[in-house]
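Work through the exercises below with the sequence and the coordinates at hand. Each task is followed by a solution in steps.

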Amino acid sequence: MVSGNVAIGLAALGGAVGVGLAALGAAGAIGRNPGAFGLVFTTALLGMALSEGLAILVFFVVGK
């Protein structure tokens with residue numbers, strides 16, 4: 001069961017890094033061009049949701 005726990009931990013780490021990078025990129029883009037807030041924010045939320053969704057999927061598949 002240790003290998004399953006390691007896989008879940010790596011998936012959580014990957015999800016956290018993905019969300020952090022998406023937020024970093026969105027904050028930088030909005031800082032450079034505040035007028036594009038809506039489009040950048042929507043795209044960043046979509047990227048964050050996909051990253052977290054993959055981590056949650058791995059949690060349920062490997063944790064089974």
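The exercises go from the whole chain to its helices and then to single residues.

The model is predicted, so local features need pLDDT of at least 70 and side-chain atom pairs count only at pLDDT 80 or more, while totals for chains, interfaces and linings use all residues. Residues are numbered from 1 along each chain as its sequence is written, and side-chain values use heavy atoms, with hydrogens and water left out.

**Exercise 1. Overall form**

Task: State the secondary structure content of the protein chain and decide whether the chain is compact or spread out relative to the globule rule.

Solution. Step one: the chain contains two helices and zero strands, where helices (H or I, at least four residues) and strands (E, at least two) are DSSP runs numbered from the N terminus. Step two: its radius of gyration is 15 Å, well over the 11 Å from the globule rule for 64 residues, so the chain is more spread out than a compact globule. The radius is taken over C-alpha atoms, and the rule is 2.2 Å times the number of residues to the power 0.38. Step three: along the principal axes, the C-alpha atoms fill a box of roughly 50 × 15 × 5 Å.

**Exercise 2. Surface**

Task: Find the accessible surface of the protein chain and the residues that make a nonpolar patch.

Solution. Step one: the accessible surface comes to about 4,400 Å², and 79% of this belongs to carbon and sulfur atoms. Areas come from the Shrake-Rupley method with a 1.4 Å probe; for residues, only the protein chains shown count as cover. Step two: of the 64 residues, 17% count as buried (under 20% relative accessible area; exposed is over 50%, partly exposed in between; 1.4 Å probe, protein chains only). Step three: Val6, Leu10, Leu13, Val17, Leu21 and Leu24 make a nonpolar surface patch of about 600 Å². Patches take residues with over 30% relative accessible area and no salt bridge, joining like charges within 9 Å and nonpolar side chains (Val, Leu, Ile, Met, Phe, Trp, Tyr) within 5 Å. A salt bridge is a side-chain nitrogen of Lys or Arg within 4 Å of a carboxyl oxygen of Asp or Glu. Step four: Val6, in helix H1 (residues 2–32), is partly exposed because its relative accessible area is 44%.

**Exercise 3. Helix H2**

Task: Check the length of helix H2 (residues 37–62) against its expected span, and list buried residues in H2.

Solution. Step one: the expected span is 1.5 Å times one less than the number of residues. Step two: for the 26 residues of H2 this gives 38 Å, and the end C-alpha atoms are 37 Å apart, which agrees. Step three: Val40, Ala44, Ser51 and Ala55 are buried in H2.

**Exercise 4. Residues of H1 and H2**

Task: Which residues do Ser51, Ala11 and Val62 touch?

Solution. Contact means heavy atoms within 4.5 Å. Step one: Ser51 counts as buried because its relative accessibility is 17%; leaving aside neighbours within four places in sequence, Ser51 is in contact with Gly14, Gly15, Gly18 and Val19. Step two: Ala11 is in helix H1 and is buried at 14% relative accessibility. With residues up to four places away not counted, Ala11 touches Ala55 and Val58. Step three: Val62, in helix H2, is partly exposed at 29%; on the same basis, Val62 touches Gly4, Ala7 and Ile8.
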